[in-house]
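Q: Pick one part of this model and walk me through it closely, please. I'd like the packing first, then whatever else it takes part in.

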Amino acid sequence: MSAVSEPRRDLRLAGLHKRYPNGYTAVKSLDLEIPQGTFFALLGPSGCGKTTTLRMVAGLEDVTSGTIHIGDQDITHERAYRRPVNTVFQNYALFPHLTIAQNVEFGPKRRNVKDSAAQVRGILELTELTEQAGKKPAQLSGGQQQRVALARALINRPEVLLLDEPLGALDLKLRRSMQLELKRIQEEVGLTFVHVTHDQEEAMTMADQVAVMNQGVIEQLGSPYELYTNPKTTFVANFLGRSNLIKGNVVGREGSGADAVVKVDMHGTVISIKQARVHTDSKEGWIGIRPEKLLIQPEGTPSEDPGNHFSSAVVSSASYLGVSTEYVLTMPWGQELICFEQNRGVRGGLVSVGTKVDVSWRQEYVYLLDSSQDVEAGRGEA
Ligand code: ATP
């Protein structure tokens, strides 16, 4: 006997476009598929259009053109309250005169749901608020109030839960613990969560998939690992973590298939970059390497021999951060590169400013970006 599987209820945005009445285009022909049951993050700097996108999905903002589907259901022009979607905002908007249990029960009661009290108990347990049930919102901490807002949305069993910077009002420590909490709850309920944030660490901690958004378009979509290790644009390379970007000239290609590499001349040294990590067809490019992938050792000391070597760099600053040290290195061609080194205690102290160092990195970590892109894009925007 074959089991009949339920049709998938993925959230699909096709050609979604938003032009505000004042003529400003906030979202530009956006295509996005968010698989049912995933924790998805829309990540980007302030003003990139992520809230506008979320509000269109929620039905709080008209669509200029394009469509929004959940599974086969077209909800593009559906009224907000009829969509199988709920939103949790940064300001929790709880009813101050009602208890926590009454706040959570408000939605089901309005819809005349029969056993709402049992549902409230279940949701309060899930969000670890059982002991707070009889209190008023003002008697709770920020994190607890945020959980009430979440409970109030979850009890409606939406197919898609939209979270608009829901942790933005919390202090850093609480935010970090709520991130793990949110992730646990999403895994337990298995609903599609779409989380909007400008905080890259938040997106990376929680989301299965992240879409990096910039000026109304999606620059790159992937798992946190894919985005971080193989960024395709200077914006993603700079916005998600930090990148050293070095000018290079393509001088040849070798191999084929998975072994194909592009040869790039970097200030006199030819390095190989895997084709899968090359994101330009032009003769010039930005060679990208993450700061923690740079290894340094005082000139003349034996190296771990990981791949590409450069001598005669000079340490121009060293900032001790406890767990790690952030070095700025002046390369022989005059450019400053950043190097993060873990303080594992093997060196027996910092490398002091002015020391000549050899710099090396494994070639499999390098990526090549299009030279027509702004090398500063995304820097300091988070
Ligand atoms: P933030 O994190 O600051 O909320 P965001 O990425 O969510 O930013 P949106 O709120 O979607 O960005 O705004 C995108 C752009 O659209 C901004 O430049 C904003 O000024 C503009 N915008 C938003 N609402 C309107 C409106 N009602 N009329 C005109 N322009 C608007």
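A: Let's take α2: its crossing with α3 is right-handed (the near helix is turned clockwise from the far one by less than a right angle). Keep in mind that this is a predicted model, where local features need pLDDT of at least 70 and side-chain atom pairs 80 or more, while totals for chains, interfaces and linings use all residues. Numbering runs from 1 along each chain as its sequence is written, and side-chain values use heavy atoms, without hydrogens or water.

Helix α2 spans residues 100-110 and α3 covers 116-126, helices being DSSP runs of H or I with at least four residues, and strands E runs of at least two, numbered from the N terminus. Their axes come within 9 Å and cross at roughly 125° (lines fitted to C-alpha atoms over the stretch in contact, with angles from 0 to 180 degrees between N-to-C directions). The pair is therefore oblique, the label for angles from 35 up to 65 or from 115 up to 145 degrees. On the α2 side, Ile100, Ala101, Val104, Glu105, Pro108 and Lys109 make the contact, meaning heavy atoms within 4.5 Å. Ser116, Ala117, Val120, Ile123 and Leu124 meet them from α3. That contact splits into eight nonpolar, one polar and two charged residues (Ala, Val, Leu, Ile, Met, Phe, Trp, Tyr, Cys and Pro are nonpolar; Asp, Glu, Lys and Arg charged; the others, Gly among them, polar).

Helix α2 also helps to line the largest pocket, as do β6 (85-88) and α4 (142-154), each with at least two residues. β6 gives the most, with four.
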